[in-house]
Structure formats: C-alpha cells, structure tokens
Amino acid sequence: MIRIKDGVAFAVIAPAGFLILEALKAATVKLGQDLTITSGTDGVHSGPTDPHKLGEAYDVRSHDFPP
C-alpha cells in the first residue's frame, strides 16, 4: 500500500507523477512492504521549476526498509 505522510500536498499531478504512483504501487506488491510518500508539491525545493512543484517528483521514506 502507498501511504501518505500527514501534511503532504498534491496540488498538481503531472502525467509523470501518475507513472511514479503506478511504479510505487507495483513496488509495494513486489517488495511486500508499504511505501510512504513524504513530499509531493509541498515543502522547500529548488524553485518553481523543481519537478516536485510540477507534480513530477515525490520523496519516499527509505529508513523503514529492512537491510
């Protein structure tokens, strides 16, 4: 399952963003583990053309993964 950290925003989801979500969902099935999105269009990124602000990038928590 894809989980979303409290406060994460998706003000816009570009076509690339939908592909990322599809890939993350497939990864949860393959890994047998939930994944948590920690940043969407929210947060401090590198400016207005940053892929996060365009709905083309998401941050995923990795410290929950087993070794």
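Begin by selecting I13, which lies in the loop between β1 and α1. The coordinates on screen are those of a predicted model.

**Stop 1: I13**

Colour I13 by accessibility: the residue counts as partly exposed, at 28% relative accessibility. Next, display the residues around I13. Setting aside sequence neighbours up to four places away, I13 is in contact with F18, L21, G55 and Y58. Then draw a distance from I13 to H52. The two residues are 39 apart in sequence, and their C-alpha atoms are 9.4 Å apart in space.

**Stop 2: the whole chain**

Zoom out and switch to a cartoon. The protein chain has 1 helix and 3 strands, and the pattern read along the sequence is β-α-β-β. Strand β1 covers 2-4 and helix α1 covers 15-31; strand β2 covers 35-39 and strand β3 covers 59-60.

Turn the C-alpha trace along its principal axes, where it spans about 35 × 20 × 20 Å. The radius of gyration of the protein chain is 12 Å, which agrees with the value near 11 Å for a compact globule of 67 residues.

Now show the surface. The accessible surface comes to about 4400 Å², and 62% of it belongs to carbon and sulfur atoms. Of the 67 residues, 27% are buried. For the contacts between residues at least 6 apart in sequence, 59% join residues at least 24 apart.

**Stop 3: the largest nonpolar core**

Hide the surface and select V8, L24, L35, I37 and Y58. These 5 residues make up the largest nonpolar core. In soluble globular proteins, nonpolar side chains tend to be buried together.

Centre on L24, a core residue that lies in helix α1. L24 has a relative accessible area of 13%, under the 20% limit, and is therefore buried. Leaving out residues up to four places away in sequence, L24 touches I2, L35, I37 and V60. A distance drawn from L24 to M1 gives a C-alpha separation of 8.8 Å for residues 23 apart along the chain.

Move on to I37, another member of the core. Which residues does I37 contact, leaving aside its neighbours within four places in sequence? They are I2, R3, I4, K5, V8, F10, L21, L24, Y58, D59 and V60.

**Stop 4: the aromatic pair**

Select F10 and Y58 and show their rings. The structure holds 1 aromatic pair. Why is the pair of F10 and Y58 edge-to-face? The ring centres are 5.4 Å apart and the planes meet at 65°; planes over 60 degrees apart count as edge-to-face, so the pair belongs to that class.

Trace the backbone from one ring to the other. F10 is in the loop between β1 and α1, whereas Y58 is in the loop between β2 and β3. The pair thus links distant parts of the chain, 48 residues apart. As to burial, F10 is partly exposed with a relative accessible area of 29%, while Y58 is buried with 10%.

**Stop 5: T41**

From F10, select T41, in the loop between β2 and β3. Is T41 buried or exposed? T41 is buried, with a relative accessible area of 9%. Beyond its neighbours within four places in sequence, T41 is in contact with A9, F10, A11, V12, H52, K53 and G55. Two of these names recur from earlier stops: G55 is also in contact with I13, and F10 is also in contact with I37.

**Stop 6: the salt bridge**

Select D34 and R3 and show their side chains. The count comes to 1 salt bridge, formed by D34 with R3, the closest N and O atoms being 2.8 Å apart. D34 lies in the loop between α1 and β2 and R3 lies in strand β1, so the pair ties together parts that are 31 residues apart in sequence. Both residues have an intermediate accessibility: D34 counts as partly exposed at 33%, and R3 is partly exposed at 42%.

**Stop 7: L31**

Finish with L31, found in helix α1. L31 counts as exposed, at 53% relative accessibility. A last distance, drawn from L31 to R3, gives 15 Å from C-alpha to C-alpha for residues 28 apart in sequence.

Methods:
Residues are numbered from 1 along each chain as its sequence is written. This is a predicted model: local features need pLDDT of at least 70, side-chain atom pairs count only at pLDDT 80 or more; totals for chains, interfaces and linings use all residues. Side-chain values use heavy atoms; hydrogens and water are left out. Rings of Phe, Tyr and Trp (its six-membered ring) pair if their centres lie within 6.5 Å; planes under 30 degrees apart count as stacked, over 60 as edge-to-face and the rest as tilted. Helices (H or I, at least four residues) and strands (E, at least two) are DSSP runs, numbered from the N terminus. Buried means under 20% relative accessible area, exposed over 50%, partly exposed in between (1.4 Å probe, protein chains only). Contact means heavy atoms within 4.5 Å. A salt bridge is a side-chain nitrogen of Lys or Arg within 4 Å of a carboxyl oxygen of Asp or Glu. The radius of gyration is taken over C-alpha atoms; the globule rule is 2.2 Å times the number of residues to the power 0.38. Accessible areas come from the Shrake-Rupley method with a 1.4 Å probe; for residues, only the protein chains shown count as cover. A nonpolar core is a set of buried Ala, Val, Leu, Ile, Met, Phe, Trp, Tyr and Cys residues joined through side-chain atoms within 4.5 Å.
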